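Hi,

Here is the structure I promised to pass on. Have a look at it first, then read my notes below.

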Amino acid sequence: MKAGVADYNVDDFYHLSRAALVKDERHLDRFDRVFGEVFKGLEAPEGEGFDTLVRQLPEEWLRKMAEKLLTEEEKAAIQAAGGFDKLMEMLRQRLAEQKGRHQGGSKWIGTGGTSPFGAHGYNPEGVRIGQEESRHRRAVKVWDKREFRDLDDSVEIGTRNIKLALRRLRRFARQGAATELDLPDTIRSTANNAGSLDLKMVPERHNTVKVLLFLDIGGSMDDWVKLSEELFSAARAEFKHLEHFYFHNCPYERLWTNNRRRRESEVSTLEVLRKYGPDYKAVFVGDASMSPYEIVQPGGSVEHWNEEPGSAWMARLTGHFRRSAWLNPMPQAGWGRTHSIGLMRQVMEDRMFPLTLGGIEAMTRELSR
């Protein structure tokens, strides 16, 4: 700090301290959480697009002013805005008309109430602005800086049975340098050599199956982090050729190699399709619980304006990789109550399996066909 290296800027100091203190990439997420706790609120987060609009709103609008809890009868009486395009048009009108803060009510952008726009209220289909976390999980758009964390690949407890289930997805071959003793051939060669020891070596056997994991994190997936971590740890242990990418709710035109969701970790989905051949097994992990617009509507993403619907990108991914499947951590009994799960099952041609031991075994049979 005395030398002015960080220039009294939180972002600069973050990068400097991370480079100096973190010696193993597995600890990056731990550092991020500690840093965020220590420096929380010191400087407004930077962002683009929708984040810019949020910063322009009065700060007091974005505070939790009321915790509106409605009865089921009240919730049933609130009608959705009437479609995604109409909802976006209503929001543009509200931004143009509204001049001050608002709390409660059913029309203006504010806190509490039943308006489709704002925080800490309830509406069956709205835009969440300035709320720390999801409460009812009904938002069509979220205008906030999203902070998720990577899955921990060092989790071991509870992964043994998942490893056993994944072992159905194996195809061994001997590749590389000859480093393993071939005992039968050594005995045979020694006998043929009149008893003089003749060592024979072979390459080590490796599982040649190649797997791509596409992992959903954040939002409703917070309920399934432990189960997802167990799957991630088991997969890392079982497959030598394993790559993973993160997405939120549905894959679109870009993915991430870690879930801080910054530009340095951003990867084009088209680049993934170009780099990884059709022989990779594509496994998507997520609860598929989202607004149906994310799957079927351009611009329907909860976080950004997507030019093409999620179904178009899913079709590209599943069309490129010869074998693909979706693992859903939500109990299968609840799938029928969520419209987006039904849509995603159609996109996956019903190759969606529960993230249970039986579901993983069924998935490995599908991928091994």
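Below is what turned up, starting with confidence and moving on to one helix and the cores.

This is a predicted model, where local features need pLDDT of at least 70 and side-chain atom pairs count only at pLDDT 80 or more, while totals for chains, interfaces and linings use all residues. Residues are numbered from 1 along each chain as its sequence is written, and side-chain values use heavy atoms, with hydrogens and water left out.

The chain's mean pLDDT (the predictor's confidence in each residue, from 0 to 100) is 77, and 66% of its residues reach 70 or more. Over residues 44-51 the pLDDT is below 50, and that stretch has 14 contacts (heavy atoms within 4.5 Å) beyond near neighbours in sequence.

Next, helix 13, residues 357-368. Helices (H or I, at least four residues) and strands (E, at least two) are DSSP runs, numbered from the N terminus. Buried here (under 20% relative accessible area, 1.4 Å probe, protein chains only) are Gly 359, Ile 360, Ala 362, Met 363, Thr 364, Glu 366 and Leu 367. Their cover includes helix 6 (160-166), helix 8 (225-238) and strand 12 (323-328).

Then the largest nonpolar core (buried Ala, Val, Leu, Ile, Met, Phe, Trp, Tyr and Cys residues joined through side-chain atoms within 4.5 Å): among its 29 residues, Phe 214, Phe 321, Trp 326 and Met 344 touch the most other members. Strand 7 (210-216) and helix 12 (339-347) are among the elements that each supply at least two residues of this core. Leaving aside neighbours within four places in sequence, Phe 214 contacts residues including Phe 245, Leu 255 and Phe 321.

Cheers

How values were computed
Expected span 1.5 Å × (residues − 1). Buried < 20%, exposed > 50% of the residue type's maximum accessible area, 1.4 Å probe, protein only.
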